[in-house]
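Visitor: I'm new to this structure and would love a close look at a single part of it. Could you pick one spot, walk me through it slowly, and then show me how it sits in the rest?

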Amino acid sequence: MTTFFVLILISLLILLTYKATDLSQKSQKKKPELNALVIVGFIITVLFILGVSLLGNLEYCDPQAAPDCTTKFQAFLDGPPNEIGDTLAGLAGALAFLWIIITVILQSKELSEQRKELKRTRKEFKKMSKAQDQQVHLLTMQGEIFQEEQSQRRQIFAKNNLDELLRSFCLNLSKFKEQEWHFKLPSQLKEPGTSRVSIAYRLREGNSIENEILQARECFKKFLSELNSALNYRVLVKFPARIEFKLSIIEPLLAAVVEKDKLSEAERIRVNRLQISLFLEELREFHEDRNFWSVSEQSGSKK
């Protein structure tokens, strides 16, 4: 009977120990396995029960009772209920105190593991945060590179458009040489024949646009000098259409000056060396000067 009772208690302790360990391991998502501290507690519990059993099997002789002796366990069972309850409470209290200590230690270890896991989680979050910061930095750099590429494309387009406008200006100015200003001496107004002045500029294929602009400006300055010289002692009797000069000469150069603001710094320096804005002002002044676009009163004719 005593052995059977001991085996039942041992089986219950094994079951409770395994369940406690299983719950502890499940909280950490690990495969259930007996903790070393639980094993120690189990061994102490078994030794405690075995010690109680050995003590219970010792011979006990009560001098006030019958002369036959019995075991202490049997004497315990034959005793008053309050003594049995106090004895069991003492034994259970000792075991409970032992397992309370083991449970507290296990919980402290579990909390320690949880703190370590939280630290590892924080480290992972920091790594993720750094990775996200790097991604944001890369995206920012990609955005800046994209904007730079867009700016370069616009500058390249503006340069090509500017070169096209300047070439169109030079081509129109080269064609405008066919337009002439006709002069006569005051004493020969009724006689046939006139002296003529024109912009003697010719566009040369294969020449750079910079050289063409410089050459065009030199030809225009020479034309102005000849025109002013002719006006000093001759009478203007015929001249080209003023609106045609504006549309074919001034407008393309004006568009080129506007396009200059869209260029890169290096291209703006190149264009500034050509003095396109100053050339445009000279052409405008020539266009606004009515002395070059009206028949002299001495000729007796009107536009």
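**A close look around N207**

Guide: Happily! The structure holds 13 salt bridges, and one of them will lead us to our spot. Keep in mind that this is a predicted model. Let's begin with the whole chain and then zoom in.

The protein chain has eight helices and five strands. Read from the N terminus, its elements follow the order α-α-β-β-α-α-β-β-α-β-α-α-α. Of its 303 residues, 28% are buried. Among contacts with a separation of 6 or more, 70% are between residues 24 or more positions apart.

Now find the loop between β4 (195-197) and α5 (209-233), because that is where N207 has its place, and N207 is buried, with a relative accessible area of 17%. What does the side chain of N207 meet there? It makes a polar contact with the side chain of N211 at 3.3 Å, and another polar contact, of 2.9 Å, joins it to the side chain of E212. If we set aside neighbours within four places in sequence, N207 is in contact with R167, E212 and Q215.

E212 deserves a pause. This residue counts as buried, at 0% relative accessibility. Besides its polar contact with N207, E212 forms a salt bridge with R204, with the closest N and O atoms 3.9 Å apart. R204, at 36% relative accessibility, counts as partly exposed. So this salt bridge joins a partly exposed residue to a buried one. As a general point, side chains of opposite charge can pair when their charged atoms come close.

For other salt bridges, look first at E117 and R120, whose side chains meet at 2.5 Å, N to O. These two residues are three apart in helix α4, so about one helical turn separates them. E117 is partly exposed at 42% relative accessible area, and R120 is partly exposed too, at 43%. In helix α8, E281 and R284 are likewise three residues apart, about one helical turn; their side chains form a salt bridge of 3.6 Å, N to O. E281 is partly exposed at 37%, as is R284 at 33%. There is also a network of salt bridges linking K159, D163, E210, E267 and R270.

What about the nonpolar side chains? In soluble globular proteins, they tend to be buried together. Here the largest nonpolar core has 40 residues, and F169, W181, F245, L283 and F286 touch the most other members. At least two residues of this core come from each of α4 (81-175), β3 (181-184), α5, α6 (242-259), α7 (265-274) and α8 (276-288). The helix that begins just after our loop, α5, gives the most to this core, with eight residues. A second, separate core of five residues includes V38, L98, W99 and L106.

Take F245 as a sample: leaving aside neighbours within four places in sequence, it is in contact with F176, I199, I250, L283, F286, H287 and W293.

Finally, turn to the surface. The accessible surface of the chain comes to about 20600 Å², and 58% of it belongs to carbon and sulfur atoms. A nonpolar surface patch of about 340 Å² is made by I39, I43, L47 and L50. L50 lies in helix α2 (residues 36-57) and is partly exposed, with a relative accessible area of 38%.

Note on methods
Residues numbered from 1 in each chain as written. Predicted model: local features only at pLDDT ≥ 70, side-chain atom pairs only at ≥ 80, totals over all residues. Heavy atoms only, no water. Helix = DSSP H or I, 4+ residues; strand = E, 2+ residues; numbered from the N terminus. Buried < 20%, exposed > 50% of the residue type's maximum accessible area, 1.4 Å probe, protein only. Polar contact = N/O pair within 3.5 Å; in protein donor to acceptor, adjacent residues only side chain to side chain. Contact = heavy atoms within 4.5 Å. Patch = residues over 30% accessible without salt bridge, like charges linked within 9 Å, V, L, I, M, F, W, Y side chains within 5 Å. Areas by Shrake-Rupley, 256 points an atom, 1.4 Å probe, with all protein chains shown as cover. Salt bridge = Lys/Arg side-chain N within 4 Å of Asp/Glu carboxyl O. Core = buried A, V, L, I, M, F, W, Y, C linked by side-chain atoms within 4.5 Å.
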